[in-house]
Amino acid sequence: MQSQPVESEFVTVRRHEDGVAELVLDRPKAMNAVSTQMARAIGAACAGLAADASVRVVVLSSTAERAFCVGADLKERNSLSDAELVRQRPTTRGAYGGVLELPMPTIAAVHGFALGGGFELALACDVIVADETAVVGLPEVSVGVIPGGGGTQLLPRRVGAARAAELIFTARRVEAAEALSLGLVDSVVPVGTDTAEALDLARRMAANSPVGLRAAKRALRLGHGMDLSAGLEIEDAAWRTVAFSGDRAEGVAAFNEKRKPNWPGQ
């Protein structure tokens, strides 16, 4: 069961009754190339999801048959003056930052091309599920720019500095099997099942404490790259936010009573 979709041009948000929401990239005729308008819609959708306490997990998916997202709308970019490009930048950053900063777990469901900014949207998620048609990469240097949606920072956190450098400097595209072996994606599933598999994974995550999920994500994100002692302090701070919560009390009670928890979400 799912609630009525919330739609805007180029983006659809579908909220499910199980605490899972889909943020659907919906510009199929352009293979979800991210225009200024689409970037604005992604940012706004993320703001709405972030503020919705009923959403426990978000799946980022696509309606385009041949692509998850092909990155920036280069046709639009070609028409922009330098001044217009500067003015567009905060809107673009708002889209990628909006996905990255979602406080709940996020899963990208990738098929077909996920290139440049498209792959950066996937990298902004916590987990990437790809089907066998997926082709990923950051080819920006081949058109005279660099990854500007977080790719230079997110990719090395996934695969290490040297591997990220090789992929970014060569601008090469990586097919699904190799992407899995390199750690660019987290699982590869049969053709056409990426969204279904991502939603299934999201439901398994969403069965857990919403307070715990958000605190665990916060600890993982903030602690990454810190030295161990600093990371443990971040973990302790996150633990304190859940240790005295209603979710903790309900979780312990449900365990002892051998029943399913009814999470209060606070």
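**Stop 1: α5 and α6**

Start by selecting residues 161–170, which form helix α6, together with α5, at residues 151–159. In this predicted model, the axes of the two helices come within 7 Å and cross at roughly 130°. An angle like that makes α5 and α6 oblique to each other. Look at the handedness while you're here: α5 passes α6 in a right-handed crossing.

Now show the side chains. From α5, pick Gly-151, Thr-152, Leu-155, Pro-156 and Val-159; they meet Ala-161, Arg-163, Ala-164, Leu-167 and Ile-168 of α6. Colour this contact by class and you get seven nonpolar residues, two polar and one charged.

**Stop 2: the second largest pocket**

Keep α5 on screen, since α5 is one of the elements that give two or more residues to the lining of the second largest pocket; α9 (210–223) is the other. Which of the elements gives the most to this lining? That's α9, with five residues.

To get to the middle of the pocket, select Cys-125, Asp-126, Leu-220, Arg-221 and His-224, which lie nearest its centre among the 18 lining residues. The volume here is about 520 Å³. Sorted by class, the lining has 10 nonpolar, two polar and six charged residues.

**Stop 3: α9 against α10**

Stay with α9 and add helix α10, residues 228–243. Their axes come within 9 Å and cross at roughly 170°. Angles over 145 degrees count as roughly antiparallel, so that is how α9 runs relative to α10. The crossing of α9 past α10 is right-handed.

For the contact itself, select these two sets:

- On α9: Val-211, Gly-212, Ala-215, Arg-218, Ala-219, Leu-222 and Gly-223.
- On α10: Ile-234, Glu-235, Ala-238, Thr-241 and Val-242.

Taken by class, the contact of α9 with α10 has seven nonpolar, three polar and two charged residues.

**Stop 4: α1 and α3**

Next, jump back along the chain to helix α1 (residues 36–50) and helix α3 (residues 82–100). How do their axes cross, and at what angle? They come within 8 Å and cross at roughly 40°, which means that α1 and α3 are oblique to each other. This crossing is left-handed.

Select the contact residues one helix at a time:

- On α1: Thr-36, Ala-39, Arg-40, Ile-42, Gly-43 and Cys-46.
- On α3: Gln-88, Thr-91, Thr-92, Gly-94, Ala-95, Gly-98 and Val-99.

Colour by class again and the contact of α1 with α3 shows five nonpolar, seven polar and one charged.

**Stop 5: the largest pocket**

Leave α3 selected, as it supplies the largest share of the lining of the largest pocket, five residues. Then bring in α2 (74–79), β7 (113–115) and α4 (117–123): each of these, like α3, supplies at least two lining residues.

Where is the centre of this pocket? Zoom to Ala-72, Leu-74, Arg-77, Glu-140 and Val-145, the residues that lie nearest to it out of a lining of 26. The pocket has a volume of about 680 Å³. For a last round of colouring, its lining has 13 nonpolar, eight polar and five charged residues.

Methods:
Residues are numbered from 1 along each chain as its sequence is written. This is a predicted model: local features need pLDDT of at least 70, side-chain atom pairs count only at pLDDT 80 or more; totals for chains, interfaces and linings use all residues. Side-chain values use heavy atoms; hydrogens and water are left out. Axes are lines fitted to C-alpha atoms, for helices over the stretch in contact, and angles run from 0 to 180 degrees between N-to-C directions. Helices (H or I, at least four residues) and strands (E, at least two) are DSSP runs, numbered from the N terminus. Angles under 35 degrees count as roughly parallel, over 145 as roughly antiparallel, 65 to 115 as roughly perpendicular and the rest as oblique. A crossing is left-handed if the near helix is turned anticlockwise from the far one by less than a right angle, and right-handed if clockwise. Contact means heavy atoms within 4.5 Å. Ala, Val, Leu, Ile, Met, Phe, Trp, Tyr, Cys and Pro count as nonpolar, Asp, Glu, Lys and Arg as charged, and the others, Gly among them, as polar. On a 1 Å grid over the protein atoms alone, a cavity is a set of points where a 1.4 Å probe fits but cannot get out, and a pocket is an open set with protein on both sides within 12 Å along at least five of seven lines; lining residues have an atom within 4 Å of a point. Grid points are joined across faces, edges and corners, and a volume is the space filled by probe spheres set on the points.
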